[in-house]
Every structure is written in structure tokens, then in C-alpha cells.
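Me: Got a model open here and I'd like to poke around in it with you. Can you walk me through a few spots?

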Amino acid sequence: MKWAKLGLLSICLIGIIVGLGLWWQHQKVYPSTDDAYVQANILTVSPQVTGRVTELNVTENDFVKAGDILLKIDDSDLQSAVDEATSELEKTIQKHMMAGSDVSKAIANLNAVQATLGDAELEFERQQTLYERRIIPKSTLDKTRANLDKLKADRDSARAALNTAQTQLGGETDHDPAVRAARAALKRAQIALSYAVVYAPADGWIANLSLRPGDVITTGQSLFSIVEKNDWWVTANFKETALSRIRQGQPASISVDMYPDMTLTGTVASLGMGSGAIFSLLPPENATGNWVHVTQRFPVRIHLDYQPSPEQEQHLRAGSSVTATVDTTDLDTAND
């Protein structure tokens, strides 16, 4: 009887040792962790203008498509700014056109003065010849010279007036700096007006919504979030002792705590370059006398083969807990 008990105990111990060995081998080839969480791109919706919410078209957990109107902001002041900028542009163009008319007048005036000056120069040359022949007195020549000098001064003045008018004109309408500045101001006002309507940037679900019509919101304020539909992954924090066999591209299976009957597949996308502790607000300081060796965990990103649709009854939730298992048998196959 005693030997029978010892034999049974030995068999149990051997069974336990064999079981532990098989479990250890399985964990080595299929490393897993339950320190893993579902992640998704979460977009923060923020207004680009300040104003009062006049219309809110979404509620918590609604599914929206990219381009859907999420909300509208009172655009009275923004529309007034557009009207004011439009009026300013029209005034600037009118000033440009008036400057163009002044240039035309200055050109005509210069041409008339130059024509008169040409006649006066010919007359002076004729009278100078008559004076040299003693046909006319010097006083007559002096009067002609004085008139010629006056016309030359008028020509210089007309040229200066033309230069001033051309400077004020600033070239063609579209090249006039004042007109270009007015157009830019109008464009900024129109862009600000377009921001009064906020559109969904991507397909996804509304989350963290507390906004109500009538609320006054400011530029850059976080209003609510959109959990994006298209890209889902798991951040699995594996012990550093398990990372020796994990490689990018290896297949992985995901068990979801929220839905025990749901098992997903994925692919290892990348391995973290730092442990979670090293990026914490207060990283551990190990240069002390009471240092204790602690096995660190490193984040492994696993891209999920998961494309949810609004009609599904079971949806993954960002932040939900899962168990991630990586298949590393490809290493053994490669060694063989």
C-alpha cells in the first residue's frame, strides 16, 4: 500500500513536471499576454472659429461618414466680415481704375506739352537766325527764349506727374499690391466663413460628446472625438523575456474579453523601442542601493484584420482588454 502511494505520487510529480515543460515550451513558441488593449485612431473635433452653436447633427455613439455635417456655428459676424472685405476690394479696384485714368490724362498732357515745346524750339531757332542777321531786336529773342524755358519746365513737370500717376497705379489690376492685399483679405474672410460648418474628417463613431446647441465655442476648443473606423490595432505589452522570438510580420490571434466568442487575427506590425516605464512621467531611478530587478514590458503593435461596419451588433471598443498570442513557429521552420 505504501509503495502504491509512493508510485502514485511519483506519477503525479512526473505529470506536473511534464505539464510544466509542455506549458513552458508552448509559451516559448506562442508567447502571449493579457496586458493588451485595443487601439484606434481617435480624432479630436475642434472649431477653427469662435461662435455660438446653432445646429448639432450628431449624438453620442452615432456613426458618421467623412464629409457629413457635424455642427454649424452662427456665421453672422463672419458673413459681415466677407461683405466688408468685398466692399474694400471694390473700393480698391475703383481707386486703381481712377489711377489708370490719371495716367491717361498725364500722358495726354505730356504729349501736348512736348508738341508745343517742339514748335517753340523751331520758333526760337528761326528768331535766333533773324537776330543774327539784325532783322529783329534782342528783346524779341529774349521773349522767345523765356517762353521756351517755360515750356521745358512744363515738360519736366508733366513727366513728374506721369511718373507719380504710374506709381500710384501699380501696374495691371491683378498686379497692383493694394488690389492683391484686398483680394487676400477677402479670401481669408471667405475661408473663415466656411469654417462655420464643421464636417466629419473621417468615417467613425462619435464619442465623448457633451456639446449642446446654444453653447459658445472658441477656436481650438476640444468639442468631442471620433473613433475612426478604418484602422484598428492592439498594443500588447510583452515581457522582455518573450521578445527574443517575436518578429515583425508574424501572425497573431486576439481573444477579446468583452466578447468571449470573438477571436480575431492580426499581424505583428512593430516592436516598441522603449519600455512603458521609461516613457512614464516619473521614470524609475535605478542608481540606488535598494534596486530590485524587475522584468520590464515592451509594447508590441499588432495590426488587426478587422473592418467593422455600422450594422454589426458586436463592435470592438477602443481601450478594451484582450489577450494577444503571437505564433513564432516560423523561426523553427527557418532553422530547419
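Me: Where does Ser-222 sit?
Reply: Keep in mind this is a predicted model. Ser-222 is in the loop between strand 7 (216-217) and strand 8 (224-239).

Me: Buried or exposed, that Ser-222?
Reply: Exposed, because its relative accessibility is 54% and the cut-off for exposed is over 50%.

Me: What does Ser-222 touch, leaving out residues up to four places away in sequence?
Reply: Thr-44, Val-45 and Ser-46. With Thr-44, the C-alpha to C-alpha distance is 6.4 Å, although 178 residues separate the pair in sequence.

Me: OK, sheets. Which strands does strand 2 pair with, and which way do they run?
Reply: Strand 2 (residues 51-56) is joined to strand 7 by two bridges, and those two run antiparallel. Strand 2 is also joined to strand 4 (residues 69-73), by three bridges, again antiparallel.

Me: Which residues stand opposite each other there?
Reply: Toward strand 7, Gly-51 has Ile-217 as its bridge partner. Toward strand 4, Leu-56 is opposite Leu-71, and Val-53 is opposite Ile-73.

Me: So what's the strand order in the open sheet?
Reply: The order is 5-4-2-7, four strands with antiparallel pairing. Strand 5 (197-199) and strand 7 are the edges, each pairing on one side only.

Me: Remind me what holds paired strands together in general?
Reply: Backbone hydrogen bonds, in either a parallel or an antiparallel arrangement.

Me: Switching to charges. How many salt bridges does the structure hold?
Reply: Three. Two of them involve strand 2: Arg-52 is in that strand, and so is Glu-55.

Me: Start with Arg-52, what does its side chain meet?
Reply: Asp-74, in a salt bridge at 3.8 Å, N to O. Asp-74 is in the loop between strand 4 and helix 2 (76-132), and the two residues are 22 apart. Arg-52 counts as partly exposed because its relative accessible area is 40%, and Asp-74 is partly exposed too, at 29%.

Me: And Glu-55?
Reply: Glu-55 forms a salt bridge with Lys-72, with the closest N and O atoms 3.9 Å apart. Lys-72 is in strand 4 and Glu-55 in strand 2, so the bridge ties together parts 17 residues apart in sequence. Lys-72 is partly exposed at 28% relative accessibility, and Glu-55 is partly exposed at 31% relative accessible area.

Me: Which side chains make the remaining one?
Reply: Asp-35 and Arg-297, at 4.0 Å, N to O. Asp-35 lies in strand 1 and Arg-297 in strand 11, so this pair ties together parts that are 262 residues apart in sequence. Arg-297 is partly exposed, with 30% relative accessibility.

Me: Now the greasy stuff. Which residues touch the most other members of the largest nonpolar core?
Reply: Trp-232, Val-234, Ile-254, Leu-264, Ile-302, Leu-304 and Leu-316, out of 28 residues in that core.

Me: Which strands supply at least two residues of this core?
Reply: Strand 1 (32-45), strand 6 (204-207), strand 8, strand 9 (251-256), strand 10 (263-271), strand 11 (297-304) and strand 12 (321-326). Strand 8 gives the largest share, five residues.

Me: Is there a second core, or what else is packed away?
Reply: There's a second, separate core of 20 residues, and its members include Leu-78, Val-198, Ile-206 and Ile-226.

Me: Back to Ile-254, what does it touch?
Reply: Leaving out residues up to four places away in sequence, its contacts include Val-234, Leu-264, Ile-302 and Leu-304. Met-262, Thr-263, Val-322, Thr-323 and Ala-324 are touched by Ile-254 as well.

Me: Last topic, helix 4. How far does it reach from its first C-alpha to its last?
Reply: Helix 4 (residues 177-194) reaches 26 Å over 18 residues, close to the 26 Å expected at 1.5 Å a residue.

Me: Which of its residues are buried, and where do they fall around the axis of helix 4?
Reply: Val-179, Ala-182, Leu-186 and Ala-189 are the buried ones. Looking down the axis of helix 4, they fall within an arc of 85 degrees, so they line one face.

Me: Why would residues three or four places apart point the same way?
Reply: Because an α-helix has 3.6 residues a turn.

Me: And which exposed residues are on the face turned away from the buried side of helix 4?
Reply: Pro-177, Arg-180, Lys-187 and Arg-188.

Notes. Residues are numbered from 1 along each chain as its sequence is written. This is a predicted model: local features need pLDDT of at least 70, side-chain atom pairs count only at pLDDT 80 or more; totals for chains, interfaces and linings use all residues. Side-chain values use heavy atoms; hydrogens and water are left out. Buried means under 20% relative accessible area, exposed over 50%, partly exposed in between (1.4 Å probe, protein chains only). Contact means heavy atoms within 4.5 Å. Two strands pair if DSSP finds at least two bridges between them. A nonpolar core is a set of buried Ala, Val, Leu, Ile, Met, Phe, Trp, Tyr and Cys residues joined through side-chain atoms within 4.5 Å. The expected span of a helix is 1.5 Å times one less than its number of residues. The arc is that of the directions from the helix axis to the C-beta atoms.
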